[in-house]
Amino acid sequence: MDQEQKSCCRHKETPRDQEFQADLQKRLNRAIGQLNGVKAMIDDNRYCGDVLIQLAAAESAVRKVSQMLLSNHMHTCVVEQVRRGNDQVIDEALQLIQRFQR
């Protein structure tokens, strides 16, 4: 693997379509709003159970974004690399899948 492939700041070769990108942004903004709400609840010394419910909602929102990105990654980046003969991308994909199964 060359240095560019090890970097955490690579760019997709095939851009995400605008509708998918907008959906991701909408979902992330919702999760950010939920986390800001949780922060305000903690600052306001709100009941622990209520805070935990809001945290679970934020976690669920972030997990959905992760699932969507992983699916998109498999259908675009991984497929493109395999077609070019880069089978190492399969190991990377498996590691990503394992990371998000936790």
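In which helix does Ala31 lie? Ala31 lies in helix H2, where helices (H or I, at least four residues) and strands (E, at least two) are DSSP runs numbered from the N terminus. The views below belong to a predicted model, in which local features need pLDDT of at least 70 and side-chain atom pairs count only at pLDDT 80 or more, while totals for chains, interfaces and linings use all residues. Residues are numbered from 1 along each chain as its sequence is written, and side-chain values use heavy atoms, with hydrogens and water left out.

**View 1. Surroundings of Ala31 in helix H2.** With a relative accessibility of 3%, Ala31 counts as buried, a class defined as under 20% relative accessible area, with exposed meaning over 50% and partly exposed lying in between (1.4 Å probe, protein chains only). Leaving aside neighbours within four places in sequence, Ala31 is in contact with Ala58, Ala61 and Val62, contact being defined as heavy atoms within 4.5 Å. One of these partners, Ala61, is 30 residues from Ala31 in sequence, yet their C-alpha atoms are 5.7 Å apart in space.

**View 2. Surroundings of Leu24 in helix H2 (residues 18-43).** Leu24 has a relative accessible area of 6% and is therefore buried. When residues up to four places away in sequence are not counted, Leu24 touches Arg16, Val65, Met68 and Leu69. Ala57 is 33 residues from Leu24 along the chain, and a separation of 16 Å lies between the C-alpha atoms of the two residues.

**View 3. Packing of helix H3 (residues 48-83) with helix H4 (residues 88-100).** Two packed helices are described by the angle between their axes and the distance between the axes. For H3 and H4 the angle is about 170° and the axes are 10 Å apart; here axes are lines fitted to C-alpha atoms, for helices over the stretch in contact, and angles run from 0 to 180 degrees between N-to-C directions. The two helices are therefore roughly antiparallel to each other, given that angles over 145 degrees count as roughly antiparallel, under 35 as roughly parallel, 65 to 115 as roughly perpendicular and the rest as oblique. From H3 the contact includes Arg63, Leu70, Met74 and Val82, and from H4 the participants include Val89, Glu92, Leu96 and Phe100. The residues of this contact divide into ten nonpolar, three polar and two charged, where Ala, Val, Leu, Ile, Met, Phe, Trp, Tyr, Cys and Pro count as nonpolar, Asp, Glu, Lys and Arg as charged, and the others, Gly among them, as polar.

**View 4. The salt-bridge network of Asp23, Lys26 and Arg27.** A salt bridge is a side-chain nitrogen of Lys or Arg within 4 Å of a carboxyl oxygen of Asp or Glu, and by this rule the count comes to five. Asp23 meets Lys26 at 3.7 Å, N to O, and Asp23 also meets Arg27 at 3.2 Å, N to O. Because Asp23 and Arg27 are four residues apart in helix H2, about one helical turn separates them; Lys26 and Asp23, in that helix too, are three residues apart, again about one turn. Lys26 is partly exposed at 45% relative accessible area, and Arg27 counts as partly exposed at 23%.

**View 5. The salt bridge of Lys39 with Asp43.** The closest N and O atoms of this pair are 3.6 Å apart, and both residues lie in helix H2, four residues apart, about one turn of the helix. Lys39 counts as exposed at 52% relative accessibility, and Asp43 counts as exposed at 59%.
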